[in-house]
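Here are a few friendly notes to help you find your way around. Take a look at the sequence and the model, then read the points in any order you like.

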Amino acid sequence: MNAKTADKIATGVIYCLVGIVVLILVFLIGFILWTGLPYVSWDFLTGSANAMGGSGGIGDQLFNSFYLLLLTLLISFPIALGAAIYLSEYAKQNWFTDLIRITIEVLSSLPSVVVGLFGFLLFVIQFKLGFSIISGAIALTFFNLPILTRNIENSLQDVPNLQREAGMSLGLSKWRTVIKVVLPVALPGILTGIILSAGRVFGEAAALIYTAGQSSPSINYGDWNPLNPTSPLNIFRPAETLAVHIWKINSEGVMPNANQISAGTSAVLIIAILLFNFLARWLGGRLYRRITASK
Amino acid sequence: MEPIKQELTKKSRAAKQDQRGQLIAGLSIVLIMLVVLSILYMITSRGLATFTQDHISVVDFFTKTVWNPGSLGKNGQPLVGALPMIIGSFMVTVLAALLATPFAVATAVFMSEIANKRGQKILQPVIELLVGIPSVVYGFIGLVVVVPITRHFFGGTGFGILSGTFVLFVMILPTITSMYIDSLKAVPRFYREASLALGATRWQTLYKVIVRSSISGLLTAIIFGMARAFGEALAVQMVIGNAALMPDGLLTPAATLTSVLTTGIGNTVMGTLPNNALWTLALILLFMSLFFNLITRYIGRKGELK
């Protein structure tokens, strides 16, 4: 075969394979939205799940998902920020730094079910917290930490050294240079990283089924005292999230309309994650222009 | 003289602040390392209990094919043979990787070598979105789309290793693709220029120069994809059928380590043998994830030397 024909055939094959990949995504998104959206209504979004009675809303799950996400970010962001600052600004090139990096990589490659089981062992059983939001948030923190740390570290690394030198030459200490000069410049990247990791946390289920639990006791949205057992803010109550809800109704299968509810919930989940993605893109670009004053 | 001396030898406020800052940053690192260590320690000690407390033979655990920890076998020993799940896990992982690699390579090559700016602008979000779709959603689609299709075309119940493979294929495709794109970008531009200047066509340049010089990156990407497939729990659990039997072909219900874990942990009592056996499965998972990590590290180092 002549080289030109081979080139044409190969290019054709590559185009085909890429086309299939794009079609798969279009099908996935299309399928979820097509089957799920007709089922999404205000009642669905605010109603509470009723396993035995046919109809079921996802109001509690929606709230739990966002609440868990917020708590997870509150716990993991400061730790990830500290770790990233250490790795990017203070760590020297030696075996200890290598060890730290390996540890973080190991944490990021652990299957989420193992992280969830560890959370179950330590918080649910050892610390006797039971299936609770706080156990779930800490398990998600373990899951989120390595990704967030790497994102923040990359954003810090992207800041030109000139900025650090300028800060130092003004007589600022290293710490103040980092906090007052480097961090603000890296902020757009850091924010994008947070939002993207939020998308992953939002859809995670395997780490949650044995930490935050698979049930959603009735919540009284009029009661905002975090210490009351029915208050939505109580961190010691079990809380089922959207992703866990999908898994549970599909593997238990007691609901007559499990498929519709899963489709609707999937659609809500996908839309939330699409929004996270767009938000990250938009905010990143906007902040970047703001800070660098470029068009 | 005294006050000046004191001022010179005492730490300034800025220096103290700097130290405190470094301490805080260092503490975060220590915290992360503690977490990893305690995960390793706790899963290991729990996982070994099957062998140390319940005196199950290690060889039996890895070679016997009947998994029914609640009951005793003929020899009076509990039936804990984990081989079906181990094989199930490896089969879905390897098959998914085999299926995903051609697509991932084509997409990565297309994005970094063939497509113009506009093509890249379309494909980049496609990859990111595929990464972003939660695994339960993949599982749900597997349940309502892939399983019926498999049943229709290949027969059987539709639940089984084949369906698990299809679901995992879509899940690891973006992982392999995006990692491989990064290593394609690291191939120096003059490799391409030299090859094209010699009169090679684009395809010849691709497979004789570019793919060959980025082969270690490709291997790393595939291993990463396999690690993800091996550890994936819920999506696989929803479509594989959850029967802890030796896989008899690709179309009969089977089980993976993760699927047995997610369905079993809630139904067993802490400290009993059925529970301990499950923790041993978790230990295998942990161990495999460390192993995958080690391989990528090894390949990375080999690739560097060239």
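1. Before the record comes in, one reminder: UniProt positions are given here in the numbering used for this structure, feature names are shortened, and an annotation may be inferred rather than shown by experiment. Please also keep in mind that this is a predicted model.

2. Which residues of chain B does UniProt annotate as "transmembrane region"? The unreviewed entry lists 21-43, 82-110, 122-147, 159-181, 209-230 and 277-296. Two of these spans can be set beside the model. Residues 21-43 of chain B are 100% helix and 0% strand, and their end C-alpha atoms lie 34 Å apart. For residues 122-147 of chain B, the helix share is 92% with 0% strand, and the end C-alpha atoms are 30 Å apart.

3. The unreviewed UniProt entry also carries "domain: ABC transmembrane type-1", given for residues 86-296 of chain B. In the model this span is 79% helix and 0% strand, with 21 Å between its end C-alpha atoms.

4. Now to the surface, where both chains contribute to a patch of positive charge: A:Arg176 and A:Lys180 gather there with B:Lys10, B:Lys11, B:Arg13, B:Lys16 and B:Arg20. Which helix gives the most to the positive patch? That is α2 of chain B, with 3 residues. Helix α8 (174-203) of chain A and α2 (13-52) of chain B each supply at least two residues.

5. Within that patch, have a look at A:Lys180, which sits in helix α8 of chain A. Is A:Lys180 buried or exposed? Its relative accessible area is 52%, and exposed means over 50%, so A:Lys180 counts as exposed.

6. A patch of another kind is made by B:Leu23, B:Leu27, B:Val30 and B:Leu34: a nonpolar one on the surface, of about 390 Å². Of its members, B:Leu23 is found in helix α2 of chain B. B:Leu23 is exposed because its relative accessibility is 55%, where the cut-off is over 50%.

7. Finally, try locating B:Leu273, in helix α13 (residues 273-305) of chain B. With a relative accessible area of 13%, B:Leu273 is under the 20% cut-off and therefore buried. How many residues separate B:Leu273 from B:Asp54 in sequence? The two are 219 residues apart along the chain, yet 6.7 Å apart in space, C-alpha to C-alpha.

Notes:
Residues numbered from 1 in each chain as written. Chains lettered and ligands numbered in written order. Predicted model: local features only at pLDDT ≥ 70, side-chain atom pairs only at ≥ 80, totals over all residues. Heavy atoms only, no water. Patch = residues over 30% accessible without salt bridge, like charges linked within 9 Å, V, L, I, M, F, W, Y side chains within 5 Å. Areas by Shrake-Rupley, 256 points an atom, 1.4 Å probe, with all protein chains shown as cover. Salt bridge = Lys/Arg side-chain N within 4 Å of Asp/Glu carboxyl O. Lys, Arg positive; Asp, Glu negative; His and termini not counted. Charge placed at Lys NZ, Arg CZ, Asp CG, Glu CD. Helix = DSSP H or I, 4+ residues; strand = E, 2+ residues; numbered from the N terminus. Buried < 20%, exposed > 50% of the residue type's maximum accessible area, 1.4 Å probe, protein only.
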